[in-house]
Amino acid sequence: MKKLLALLLVVAMLFTFAACGSAKTGSDADTDAKELTVGFIFLHDEQSTYDKNFMDAAKAACEAMNVKYVQKTQIPESKDCYDAAVELIEVNGCDIIFADSFGHESFLIDAAKKYPDVQFCHATGTQAHTAGVKNFHNAFASIYEGRYLAGVAAGMKLNEMIEAGKITADKAKMGYVGAFTFAEVISGYTSFYLGAKSVCPSVKMDVKFTGSWYDEQKEKEAAQALISGGCVLISQHADSMGAPTACETAGVPNVSYNGSTVAACPNTFIVSSRIDWTPYFKYMIECVEKGEAIATDWTGTIETGSVVLTDINTKAAAAGTAEKIAEVKAKLLDGSIKVFDTANWTEKGVKLTSYKADVDTDANFEKDTEVIEDGVFYESKHRSAPYFDIQIDGITLLDTNFG
Amino acid sequence: MTNSATIKAHREPLFHVVKRDDMPAWKAWLIRAVTIVIAFFLVGFLSMAVTGESFSATYEIMFSGVFGRLFEGRFTMLWKYLQEIAILLALALALTPAFKMKFWNCGAEGQALMGGLASIICMIELGNKLPYPVLMAVIALTSILAGAVWGIIPAIFKAIFNTNETLFTLMMNYIATQIIAYYVYLKGGGSNVINPVSEGNFPALGGNDYFINILIVTVMTVVMYIYLKYSKQGYEISVVGESQNTARYIGINVKKVIIRTMLISGALCGVTGMLLVAGKDHSININSVGGQGFTAILISWLGQFNPFIMVIMTAIVIFLRIGVAKVADTALLNSSFSEIIVGIVILMLVGCEFFIHYSIKFRHNKKEGKA
């Protein structure tokens, strides 16, 4: 009985504690109801470099535009995405909803149909230009240009290794850790490879897929397998620190993605390309503030500031990398270099003059749109999300993974 | 050398644990209630410490995360809360007969996924071909069957070869996950996502998408209570769980009971899969069940295998899961925060069960104890 009494006393004490604690109320928010509010739906949280990239941009854009924002993390690609959108609108009164993962799209479209007065923006999606839902918009960036530039840095590093006698020109093989064998990844590694090839013509590349956007162990193992398979430089399109840390341990140079990994990999990190979503977030907020329509399918470019490279790590990068990148970047901007110029690559030994890609989403994955014009494969022209899915010569896929 | 061994044998440990059955029910329940209250305070204090918000503000955020603007007459969030409870509770209900029989079914995840797979296959392949009522009946039957098959395979092996059901059911989870992954690849093509199917969805009764799910699980709860408490089969389950030898001695066919119970357990998991696919997502992926098959084990235990107590436990766990996630999102914290909090609370509840069923006896300070 004594024990019981003690227990009850403890509870009573807790109540008093709580009462003291609640004396200070800190909820001065929700006062300005007229203010614009943006709701963000993220697939994971800041541990994933992919989501962190969006989260940083959301914070930067909303603070710069002086609007309120609410975020929901760890929202799976299911009806939970729809529910999250409903919550953000009904509870937090959001005027714009943004979701960052491919699989969110259909659920977001459902929500867009239910709330026609709210604007819905979605990264990496493909359905906006055919869905016919006015308040639903897709956005992506021409990240293949950024990858191409990062590839140039990689090629420079290979050249340096060849000149230093560390490897012979025919041993210039890069490794690439990809998530899935989809257009988004294929477009990425192909542009990276073409960038490297533009400065180091003998380069070859091996690709391994992990079957997951975020799996640190698998990405690490894939990078290690590529290194032991003779790859002297690694890049990746997956979201964990697996590949960069494997490179740092093995002392193999790494071209990263989604942001700088120089803090964890001071000796091997060369440069990283990433999409900066701040310009798009500012654009969509501005449109809603002014009452203008948001573009159905928005593609960010180097010019809009959406495709950026991080600072070059001079400790790992070859001499003159910065100058060379600036030169190539200028040429990309003035149009004298096109990343997927068919003069620079072949498929099974043949130069392509015509190619139909699956641009409009349909159940049968029908190849519906001609994408090669005047000898150039125009990526991100017919819709913002990538559709380059050709296996070009010089790149060997060690495995495939469709998920 | 032998000397030290004899000395050790005489030495009494600092404390030892004794089982006790003498605690009156009201006292046990009081302890549980107090534990829950303390747990909620702990949650509040931890959130305060991490976010810097006040205690009441923390709970305000949690309430708004779970119930939304309930007091302004908006019920959207409440329905979502009930739906989350329904799914976790359905899995816990499905596991309960197996666990009561001391058959450690760790395969709710896989059994539910297989039920969901059956649903989505029917929705995609038969969606346009069958009239709606027939389609729904086919979805229900195939889902139940798929879950039951996935549950009965380990049961048969257990009954005949006495294989370890824990490992067996766990392995079946991985097989189910890979089958789903392959199906998603087949139907999702290059994008790894099956777009929601508009055929074969549960109707939105009263304008609410989740009404049918909640209704089905409510019925399941009542039926399971009656089944376990008042039916002959329910009695057989508890006897087999207490002692298989006793069961055999009083003429219960133990093998039959094991297989039959796992059939029910798997079938109910299959129903949950259907609720997830036809009643909620209208699509499927490997994370559709999202690890809830394992949380359900805890719910079943914490609920003492009593469906109505399980309702309360589920409500608490889901409240914390959604509420603390909201706190984390508001304070821009890592989402692991929610998992840590729910983990701590579950640990406290499990701990309190330990002290209800066992007592700790400390060594008495008797000087003559040492020879």
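Two residues are in contact if their C-beta atoms, placed from the backbone, lie within 7 Å. Keep that rule at hand for the exercises below.

This is a predicted model, in which local features need pLDDT of at least 70 and side-chain atom pairs count only at pLDDT 80 or more, while totals for chains, interfaces and linings use all residues. Residues are numbered from 1 along each chain as its sequence is written, and chains are lettered from A and ligands numbered from 1 in the order in which they are written.

**Exercise 1. Find the buried residues of helix α9 (residues 242-250) of chain A and say which elements they pack against.**

Step 1. Helices here are DSSP runs (H or I, at least four residues), strands are runs of E with at least two, and both are numbered from the N terminus. A residue is buried if 20 or more other C-beta atoms lie within 10 Å of its own, exposed if 12 or fewer, and partly exposed in between.

Step 2. In α9(A), the buried residues are Gly242(A), Ala243(A), Pro244(A), Ala246(A), Cys247(A) and Glu248(A).

Step 3. These buried residues pack against β6 (173-178), α8 (216-228), β8 (233-237), β9 (254-257) and β10 (269-275) of chain A.

Step 4. Just after the helix, look for Gly251(A), which follows α9(A) and has a positive phi, near 70°.

**Exercise 2. Trace the open sheet of chain A from edge to edge, then place the helices on it.**

Step 1. Two strands pair if DSSP finds at least two bridges between them. Seven strands of chain A form the open sheet, in the order β12-β10-β9-β8-β6-β7-β17, with mixed pairing.

Step 2. The edges are β12 (307-309) and β17 (395-397) of chain A; each has a single partner strand, so one side of each is left without a neighbour in the sheet. From one strand to the next, the twist averages 20°.

Step 3. At one of these edges, β10(A) and β12(A) pair in the antiparallel sense over three bridges. Ile275(A) has Val307(A) in β12(A) as its bridge partner.

Step 4. Helix α6 (residues 143-163) of chain A packs on the sheet and touches β6, β8, β9, β10 and β12 of chain A, its direction making about 170° with that of β10(A). The helix from Exercise 1, α9(A), also packs on the sheet, touching β6, β8, β9 and β10 of chain A, and its direction makes about 160° with that of β9(A). Axes are lines fitted to C-alpha atoms, for helices over the stretch in contact, and angles run from 0 to 180 degrees between N-to-C directions.

**Exercise 3. Describe how helix α4 (residues 76-100) of chain B packs with helix α8 (residues 211-230) of chain B.**

Step 1. Two packed helices are described by the angle between their axes and the distance between the axes. For α4(B) and α8(B), the angle is about 25° and the axes are 9 Å apart.

Step 2. That makes α4(B) roughly parallel to α8(B), as angles under 35 degrees count as roughly parallel, over 145 as roughly antiparallel, 65 to 115 as roughly perpendicular and the rest as oblique.

Step 3. The two helices cross in a left-handed way: the near helix is turned anticlockwise from the far one by less than a right angle.

Step 4. Residues of α4(B) in the contact include Leu82(B), Ala86(B), Leu89(B) and Leu93(B), and those of α8(B) include Ile214(B), Val217(B) and Met224(B). By class, this contact has 11 nonpolar, four polar and one charged residues. Ala, Val, Leu, Ile, Met, Phe, Trp, Tyr, Cys and Pro count as nonpolar, Asp, Glu, Lys and Arg as charged, and the others, Gly among them, as polar.

**Exercise 4. Is strand β2 (residues 358-362) of chain B buried or in the open?**

Step 1. Of the five residues of β2(B), the number buried is zero, so the strand lies largely in the open.

Step 2. Strand β1 (residues 15-19) of chain B pairs with β2(B) in the antiparallel sense over five bridges. Phe15(B) has Phe362(B) as its bridge partner.

Step 3. For the wider setting, chain B has 14 helices and two strands, and 44% of its 371 residues count as buried.

**Exercise 5. Describe the side of chain A that touches chain B.**

Step 1. The contact takes 35 residues from chain A and 39 residues from chain B.

Step 2. On the side of chain A, the elements giving two or more residues are α1 (2-22), β2 (68-72) and α3 (79-90). The largest share, six residues, comes from α1(A).

Step 3. By class, the residues on this side of chain A divide into 13 nonpolar, 13 polar and nine charged.
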